[in-house]
Amino acid sequence: MVHRHAVTGRRVALTALGALVATGIPAAVAAEPTPAAGPLPTAAQTLGADRPSAPVLRAMERDLGLTPAQASRRLVNEAEAGTRAGLLRNALGDRFAGAWLRGTTSQELVVATTDAADVPAITAQGAKATVVKKALHDLRAAKQKLDAAAARVSTRETPLWYVDIPANRVVVEAGSKAAAAAFVKAAGLDGKSVSVRVTANRPRLMEDLTGGDAYYIDGAARCSIGFSVTKGEQEGFASAGHCGKQGAKTTGHNQADQGTFQASTFPGKDMSWVAVTDPWKATPNVKGEGGQTVQVTGSVQALVGAAVCRSGSTTGWHCGKVEQHDTSVSYAEGRVDGLTRTTVCAEPGDSGGPYVSGVQAQGVTSGGTGDCTTGGTTFYQPVNPLLSEFGLTLKTAEAESPAPQGNAAPTWAAGRVYEAGVTVTHAGVRYQCLQTHQAQGPWVPARTPALWQRV
């Protein structure tokens with residue numbers, strides 16, 4: 001898989017090798033009393049999936065071959081499915097083997113378990129059950145062994161490895177079977193436990209305050225703004241780490257002075273953030289088509305199979321589907337772990353640009369293969385780890401959130417990034433997280449059953 005590097009002066013592409021309880025949902029959850037404030041919002045209402053923007057719908061129609069009604073229905077189905085999957089993840093515990101979406105409108109949620117006794121509980125939640133051999137935690141453990149091996153051996157000929165949840169397997173993509181076998185052996189894994197896909201594709205970086213607008217680094221390289229963020233009173237934006245190093249200066253799409261990279265991590269991760277100066281202001285906007293914008297309202301992580309759209313300064317607005325989370329990519333410039341793989345296309349200069357699912361921020365463009373003429377694959381750095389790593393708060397169209405205060409405290413607080421499965425307390429009640437997200441001010445657990453399960 002080929003690696004795209006920065007656009008320096010003219011458009012250049014540097015080519016290199018790659019870079020649930022089994023008996024059902026607990027009664028306390030199903031019959032949680034409704035607060036006096038009124039009926040609880042549905043998952044679609046919480047996440048804004050019931051009021052999609054026109055640019056999102058039009059791009060989904062074009063890139064996914066949907067009618068307007070199908071695009072709208074898909075967004076609602078995906079929001080509701082995320083909550084059901086979270087409930088089942090918490091109830092199944094170590095037997096949980098993943099969840100994904102199928103169908104034109106994502107009408108089918110599939111949940112995998114290692115125990116057939118869980119099937120009635122899964123179907124009771126309106127999902128299709130499948131029984132598999134390996135739990136998700138086992139698959140992730142195997143991938144972590146590959147991650148560790150990649151720190152010791154060359155991955156030039158094995159540029160991509162990931163957990164394929166629907167297939168219940170770990171996959172290594174390589175230039176040859178021999179290269180894959182050597183990598184798997186170096187990880188101490190049985191060759192039969194890892195699937196190999198031989199391919200000539202090589203991922204490359206997509207280098208070339210509205211998400212998707214161009215910005216320039218030190219007057220030369222060009223990338224795309226991801227999402228507006230704040231840190232205390234300081235405004236800025238998140239982007240890809242490979243776009244610039246800490247201290248690098250940026251100018252905006254109009255070539256006016258803009259800001260400075262405050263932190264940047266690449267390789268290992270592909271994340272950065274830039275602090276901006278006046279007159280640049282953080283907004284919740286992502287650039288869509290025809291000058292229209294999409295306003296993000298949070299960062300709830302989408303399921304595998306969900307629709308996702310990307311904005312970039314080279315190719316604009318395109319949509320596709322989420323294929324895998326927690327993918328490792330070996331670019332020529334170094335390995336990056338924890339990326340999400342998608343079917344969205346991109347080209348040089350799109351790096352750092354934003355991915356959204358409905359109105360939920362997902363991540364920033366890292367790299368990929370192909371282009372927007374023939375089609376391609378892209379990888380994005382998930383936004384929640386980026387926000388957590390740098391202590392940032394996502395700028396949203398909803399009420400403002402206070403600054404993050406870390407992830408370890410047991411008391412819920414707006415601004416923290418919460419991983420699916422973690423437990424917090426709020427107003428003296430314990431809740432378990434259903435979907436990974438950064439907590440927004442209005443999203444208190446008692447009012448967001450889409451995101452939190454009372455335990």
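This report covers the overall make-up of a predicted model, then selected strands, one helix and one exposed residue.

**Overall make-up**

The protein has 455 residues, and 57% of them are buried. Its secondary structure comes to 8 helices and 29 strands. The accessible surface is about 16,900 Å². Carbon and sulfur atoms account for 51% of that surface.

**Confidence**

Mean pLDDT is 89 for the protein. A value of 70 or more is reached by 89% of the residues. Two stretches call for care. Over residues 1-36, pLDDT stays under 50. The model still has 129 contacts beyond four places in sequence for residues 1-36. Residues 399-409 also have pLDDT under 50 throughout, with 27 such contacts. Where pLDDT is low, predicted coordinates should not be read in detail.

**The β2-β3-β4 sheet**

Three strands make an open sheet, ordered β2-β3-β4, with mixed pairing. The edges are held by β2 (96-102) and β4 (128-131). Each has a single partner strand, so one side of each lacks a neighbour in the sheet. On average, neighbouring strands of this sheet are turned by 20° against each other, direction ignored. The pairing of β2 with β3 (residues 108-113) is antiparallel. Within it, phenylalanine 96 faces threonine 113 of β3.

**Strands β5, β6 and β7**

Strand β6 pairs with β5 in the antiparallel sense and with β7 in the parallel sense. The table sets these pairings beside that of β2 and β3.

| Strand pair | Sense | Bridges | Residues opposite each other |
|---|---|---|---|
| β2 and β3 | antiparallel | 5 bridges | phenylalanine 96 and threonine 113 |
| β5 and β6 | antiparallel | 5 bridges | tyrosine 162 and valine 171 |
| β6 and β7 | parallel | 5 bridges | valine 171 and serine 195 |

Valine 171 thus appears in two rows: it stands opposite tyrosine 162 and opposite serine 195. From β6 the chain crosses through helix α7 (residues 177-186) to β7. This β-α-β crossover is right-handed.

How many residues of β6 are buried? Strand β6 (residues 169-174) is mostly covered, with 5 of its 6 residues buried. Strand β5 spans residues 160-164, and β7 spans residues 194-198. A hairpin links β5 and β6, with 4 residues between them. Asparagine 168 lies in the turn and has a positive phi of about 55°.

**Helix α3**

Helix α3 covers residues 54-64. Its buried residues are Pro55, Val56, Leu57, Ala59 and Met60. What do these residues pack against? Their partners are α4 (68-92), β17 (293-295), β18 (307-312) and β19 (316-331). In an α-helix, residues three or four places apart point the same way, because there are 3.6 residues a turn. Glycine 65 follows α3, and its phi is positive, near 65°.

**Aspartate 257**

Aspartate 257 belongs to strand β14 (residues 257-265). Is aspartate 257 buried or exposed? The residue is exposed, because its relative accessible area is 63% and the cut-off for exposed is over 50%. Beyond its neighbours within four places in sequence, aspartate 257 is in contact with Thr250, Thr251, Thr277 and Trp280. Valine 276 is 19 residues away from aspartate 257 in sequence. In space, the two C-alpha atoms are 8.9 Å apart.

Methods. Residues numbered from 1 in each chain as written. Predicted model: local features only at pLDDT ≥ 70, side-chain atom pairs only at ≥ 80, totals over all residues. Heavy atoms only, no water. Pairing = 2+ DSSP bridges. Axes fitted to C-alpha atoms, helices over the stretch in contact; angles between N-to-C directions. Buried < 20%, exposed > 50% of the residue type's maximum accessible area, 1.4 Å probe, protein only. Right-handed = clockwise from strand over helix to strand, strands pointing away. Areas by Shrake-Rupley, 256 points an atom, 1.4 Å probe, with all protein chains shown as cover. pLDDT = per-residue confidence, 0-100. Contact = heavy atoms within 4.5 Å.
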